[in-house]
Amino acid sequence: MAAPGNRSEPPQQLPEYNCSYVVSRPVYSELAFQQKHERRLQERKTLRESLAKSCSCSRKRAFGVLKALLPILEWLPKYRVKEWLLSDIISGVSTGLVGTLQGMAYALLAAVPLGYGLYSAFFPILTYFIFGTSRHISVGPFPVVSLMVGSVVLNMAPDEHFLIPGNGTTSNTTVVDSVARDAERVLVASALSLLVGIIQLILGGLQIGFIVRYLADPLVGGFTTAAAFQVLVSQVKIVLNVSTKNYNGVLSIIYTLIEIFQNIRDTNIADLIAGLLTIVICMAVKEINDRFKHKIPVPIPIEVIVTIIATAISYGANLEKNYNAGIVKSIPRGFLPPSLPPVSLFSKMLAESFSIAVVAYAIAVSVGKVYATKYDYTIDGNQEFIAFGISNIFSGCFSCFVATTALSRTAVQESTGGKTQVAGIISAGIVMIAIVALGKLLEPLQKSVLAAVVIANLKGMFMQVCDVPRLWRQNKVDAVIWVFTCVVSIILGLDLGLLAGLVFALFTVVLRVQFPSWNSLGSIPSTDIYKSTKDYKNIEEPEGVKILRYSSPIFYANVDGFKKCIKSTVGFDAIRVYNKRLKALRRIQKLIKKGQLRATKNGIISDAGSPNAAFETDEDIEDLEELDVPTKEIEIQVDWNSELPVKVNVPKVPIHSLVLDCGAISFLDVVGVRSLRVIVKEFQRINVNVYFASLQDHVMEKLEHCGFFDDHHRKDTFFLTVHDAILYLQNQVKSTKGEDSILETVNT
């Protein structure tokens, strides 16, 4: 019942809600509540009924499934031609120009000829246009994924496999057969794309889109930063035009750096100058684009401008002939006929394929969700798996390497006004023009310029390092995950680094569940609010009662920790107390048998003429099993909190009840249920009752299914809230006022 509150408050304090409430209801145990309020009967369908329902078909359902598998049927009929078409055309042209250059540049990372990067920037868009659910992402090569592809390609088709005798005068000279090597690497890359697509399609068909949730943001941040560092090292040698071996695996980046510095004298000055100028100009103009994006209607396509100028300079100055600069040389014109890659290679790349499939999907979905949230629409994670799976299968048959989305290309598509995937299909048209007609014009372009374009686009990934101090302030575990994943990915390589980072992240989750937070609770006076006694002042603990809130599931891995939390809350060990009491009772019983003590209905008294032999040291107590306990039943009343007639150190038990707040317990397993039974029994033996509060319904069902309840574990010890349990206990204390609640009757 609401009532207006007091509005007179100090001006500097936070305002209070101007209402309060008073609730009058009975104290409910779980048993009383279920007796008064009938639960709904949950209809459990048989497997046959579930299969029949899922396999049933109607016209409406068939059309819904078709639209889910082909999202183009959902958004294309609603396309606003007059409002969106011009924006999509402008966006598509801008994105296509950037995509053309990035496709060639990222082919360097994938270790395939540059022309195949153009194919990889074209074919995946065609199928994603039909099957994808994101309206803004630009599909194609991405540095991290391209580098992972390149590591597989270099591992399976290294230069050493294609050495042929040279034409020199000495018989020991060998050269690399670059034609055969490049052809083999294209086959490996396309087979990898096909296998990645198959894995993604299977995961999407099995509705396993949730798998990306295990790649936490700190893990992805550390991984992509490490990948950016590896991309940087791999492109530096191209900017310098220094030849090195193609290292792969553990410490490969260290070996590459060492060899770069060993051969740095061979640096080509023309390539170095072109690369450095490209990096500086691209990064400067990109910064201008970011700072003045609200004033500039279309971002300056600096990569395109720099490439055109660099190509013209290289052609006019004949840099290859005059300065021995490394240029693109040849770009295939037109398209290759589709062919199935060799599936015999699948067994050699299965583990790497799974890593690439998950990483490529995670990057695409995380970028897609950013823009979906910004423009108020949703993307289907499982459908994205299917869309990228089909795209990579289709692209693999056209000699492409694995596709996902690139952050910079997607930013260009969105910032230039792209509204739908029509912008994507137009960008594919621009790439197609480059493949068919413009490839010949780009042959004089220096490779160092393309490498510099790649490096300039790494700024966003390197800036993720700035997240570490913020993560450390917010959550130190997340910061450690970020740093650990980054370091191991640099040292071990991207595939092993991702696996190690994932295992470490899951390990931190296990630790947090195994050692959760717990609190001893007290009540704010005259309210039903219970807070931690450590965190709040003026908290009252009910007399003779301890309240424990445990914030974790109870299962086999943390039951010992749960017991330690109970011990810390109550201040004693129930098993030790019971054993000490049992020793004391046996000692008392032995002294009664000797006539040194007398047991009466009022307690234990010592005979006046008896020697004080009853007070023996605790160390002299005989083994319990060796004591000759009389079979005659003697009723003994012992006040365990008073001075005992035997010198046995029995811990004091200042409470009569323990209340467990189980509101944060999400599940129990069989070991957890068994442990709860044991805990209740241990406390009952020392005359302390255990009560449970705030259990969720499914946890109660688990207790019932595991046979928790019997004569000693009743449902009337389970309460809806902590306050219900405390009110019940206070009422019990009032009804037994005047009696000593600590006295225990023992029959021996």
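**Exercise 1.** This is a predicted model. Is Leu126 buried, partly exposed or exposed, going by its relative accessible area?

*Solution.* Start with the number: Leu126 has a relative accessible area of 27%. Now check the cut-offs: buried means under 20%, and exposed means over 50%. Leu126 therefore counts as partly exposed.

**Exercise 2.** Let's find out who sits around Leu126. In which helix is Leu126, and which residues does Leu126 contact, leaving aside neighbours within four places in sequence?

*Solution.* First, place the residue: Leu126 belongs to helix H7, residues 123-131. Next, look for contacts: Phe394, Ile425 and Ala428 touch Leu126. Finally, try Ser391, which is 265 residues away from Leu126 along the chain, yet the two C-alpha atoms are 7.8 Å apart.

**Exercise 3.** Which elements give two or more residues to the nonpolar surface patch?

*Solution.* Begin with the patch: about 880 Å² of nonpolar surface, made by residues including Val250, Tyr255, Val483 and Leu499. The elements you want are helix H11 (252-262), helix H22 (476-492) and helix H23 (494-514). Take Tyr255 as a sample: Tyr255 lies in helix H11 and is partly exposed, because its relative accessibility is 40%.

**Exercise 4.** Which strands stand at the edges of the six-stranded sheet?

*Solution.* Write down the order of this open, mixed sheet: S8-S7-S9-S13-S14-S15. Strand S8 (530-532) and strand S15 (718-719) stand at the edges; each has a single partner strand, so one side of each lacks a neighbour in the sheet. Now go inside: S9 and S13 run parallel, joined by five bridges, and Arg549 has Asp661 in S13 as its bridge partner. Last, add helix H28 (residues 722-735), which packs on the sheet and makes about 165° with the direction of S13.

Definitions and conventions:
Residues are numbered from 1 along each chain as its sequence is written. This is a predicted model: local features need pLDDT of at least 70, side-chain atom pairs count only at pLDDT 80 or more; totals for chains, interfaces and linings use all residues. Side-chain values use heavy atoms; hydrogens and water are left out. Patches are made of residues with over 30% relative accessible area and no salt bridge: like charges are joined within 9 Å, nonpolar side chains (Val, Leu, Ile, Met, Phe, Trp, Tyr) within 5 Å. Accessible areas come from the Shrake-Rupley method with a 1.4 Å probe; for residues, only the protein chains shown count as cover. A salt bridge is a side-chain nitrogen of Lys or Arg within 4 Å of a carboxyl oxygen of Asp or Glu. Helices (H or I, at least four residues) and strands (E, at least two) are DSSP runs, numbered from the N terminus. Buried means under 20% relative accessible area, exposed over 50%, partly exposed in between (1.4 Å probe, protein chains only). Contact means heavy atoms within 4.5 Å. Two strands pair if DSSP finds at least two bridges between them. Axes are lines fitted to C-alpha atoms, for helices over the stretch in contact, and angles run from 0 to 180 degrees between N-to-C directions.
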